[in-house]
Amino acid sequence: MMFPLTAAAAAIVQAVSPVHGWTEADVLSALNDANVSNVAIDTADPNLPSVGARTADGFPVSIVRMACQVMPPRPETICKGAWIIIVIPATEQRFANIIIASLERQAQPPLGVNGLLEEMMREDGSTTAAVALSSYLVADDGIHPGLLSYSVNSLLGYANQTREFMLSDDPAHAALWSGDD
Amino acid sequence: MNFSTTLPAIILIVIAHPTAAAQQSRPPYFEARQSSDVHALLERNGYRVEQDGILWLIAPDNTRVQLNTFGNQAGISGLRVSAWFSIGQSSAAIEQALYYERTNPLASVAFYFTDEFRTVQLQRDIEFGPGRTEANILANVRLLFGLIPHFEASLAESDPELAAFWYGAEENDQ
């Protein structure tokens with residue numbers, strides 16, 4: 001007699017409840033799920049709590065939380081915005097240009113599907129050229145708790161699409177990305 | 001009434017009812033099989049969708065943005081809302097739009113040029129991924145609409161001639 005009720009209860013439990021923001025632990029978890037390394041909390045600006053890491057190729061990744069507040073009874077800060085940024089350094093400006101052009105023309109899935117911004121960071125004498133890929137998630141009114149990890153992995157997927165031809169165009173990228181340059 | 005025998009029976013009846021079961025197991029996240037499902041969501045919430053060569057999403061205050069959906073035969077994976085700004089031949093507006101994009105992570109800009117006119121689009125993509133509630137999708141759409149006046153003002157401030165072209169023309173119309 002109790003079996004149908006148990007099955008129904010299990011179905012309800014399996015339905016994943018939406019989240020309305022992210023804690024620091026959520027962000028750390030999303031980065032750990034993405035198999036990045038050197039995950040570290042950035043304490044430089046408490047108003048923009050962020051966590052940084054590096055991909056297997058050495059690309060810096062960070063998640064900056066925004067629109068944050070403490071929502072009792074939970075004691076931790078919960079943020080309704082998450083800005084995911086991955087930076088692909090290039091040995092020369094022309095290679096950064098190629099990254100942008102390649103992503104805009106050939107990225108799979110096309111860039112527009114993923115709410116992704118790509119931005120050129122021009123070399124200015126003191127810094128090398130780079131391309132920043134970013135996406136800003138808004139959790140207002142409820143999203144699936146897996147959407148943050150999903151978005152991090154989407155960005156990493158795009159960055160990975162640039163990897164082979166960047167190394168082919170200039171093998172010195174490997175040293176630049178690993179920090180040995 | 002003997003609750004020990006009737007209550008389990010009532011529970012089983014409720015569970016066996018197909019509508020009740022569907023409601024209980026239905027995930028809270030929006031799913032769209034086709035574009036019209038997205039249109040219906042927006043129209044249920046006060047927006048209008050109109051087609052005149054471009055598919056427009058029109059807010060209750062008559063502000064209009066372009067609406068696109070992404071997906072394939074398996075379903076719709078997301079949508080894009082794009083506000084269009086005609087900027088004449090203004091180079092300052094282009095620079096300002098790029099600056100806005102660099103300093104504002106909430107939206108991207110795109111440019112559309114012809115020999116006759118230049119247009120800047122302010123866009124926000126909303127990918128569904130593993131799931132978004134309907135309310136979250138609507139919050140993202142509202143976010144783009146909320147950015148429009150700020151973006152417009154920043155372009156106008158960047159180029160007085162553009163501002164005169166926009167707002168001067170309005171005064172003449174009146």
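How many helices and strands are there in chain B? Select chain B and colour by secondary structure: six helices and six strands appear, where helices (H or I, at least four residues) and strands (E, at least two) are DSSP runs numbered from the N terminus. Along the sequence they follow the pattern α-α-α-β-β-β-β-α-β-β-α-α.

This is a predicted model, in which local features need pLDDT of at least 70 and side-chain atom pairs count only at pLDDT 80 or more, while totals for chains, interfaces and linings use all residues. Residues are numbered from 1 along each chain as its sequence is written, and chains are lettered from A and ligands numbered from 1 in the order in which they are written.

**The sheet of chain B**

Select the six strands next. They form an open sheet in the order 1-2-3-4-6-5, with antiparallel pairing; two strands pair if DSSP finds at least two bridges between them. At the edges are strand 1 (48–51) and strand 5 (108–113) of chain B, each paired on one side only. From one strand to the next, the twist averages 35 degrees.

Zoom in on strand 1 and strand 2 (residues 55–58) of chain B, which pair in the antiparallel sense over four bridges. B:Gln51 is the residue opposite B:Leu55 in strand 2 of chain B.

**Helices on the sheet**

Add helix 4 (residues 91–103) of chain B, which packs on the sheet and touches strand 5 and strand 6 (118–127) of chain B. The direction of helix 4 makes about 155 degrees with that of strand 5 of chain B. Such angles run from 0 to 180 degrees between N-to-C directions, with axes as lines fitted to C-alpha atoms, for helices over the stretch in contact.

Then show helix 5 (residues 134–158) of chain B. Helix 5 of chain B lies across strand 3 (64–72), strand 4 (75–86) and strand 6 of chain B, at about 155 degrees to strand 6 of chain B.

**Helix 3 of chain B**

Select residues 35–44 of chain B. The buried residues of helix 3 of chain B are B:Val38, B:His39 and B:Leu42. A residue is buried if 20 or more other C-beta atoms lie within 10 Å of its own, exposed if 12 or fewer, and partly exposed in between, with C-beta atoms placed from the backbone. These buried residues cover an arc of only 100 degrees around the axis, so they sit on the same side of helix 3 of chain B; the arc is that of the directions from the helix axis to the C-beta atoms. Their cover includes strand 1, strand 2, strand 3 and strand 4 of chain B. Just after the helix, B:Gly46 takes a positive phi of about 95 degrees.

**B:Val65**

Go to B:Val65 in strand 3 of chain B. Is B:Val65 buried or exposed? B:Val65 is buried, because 24 other C-beta atoms lie within 10 Å. Not counting residues up to four places away in sequence, B:Val65 touches B:Leu57, B:Val81, B:Ser82, B:Ala83 and B:Leu144; contact requires C-beta atoms, placed from the backbone, within 7 Å. B:Val65 and B:Ile148 are 83 residues apart in sequence and 9.6 Å apart in space, C-alpha to C-alpha.

**The core in chain A**

Move to the largest nonpolar core, which has 40 residues. A nonpolar core is a set of buried Ala, Val, Leu, Ile, Met, Phe, Trp, Tyr and Cys residues joined through C-beta atoms within 7 Å. Among the residues with the most contacts inside the core are A:Leu31, A:Ile86 and A:Ile99. The largest share, eight residues, comes from helix 4 of chain A.

Methods:
Contact = placed C-beta atoms within 7 Å.
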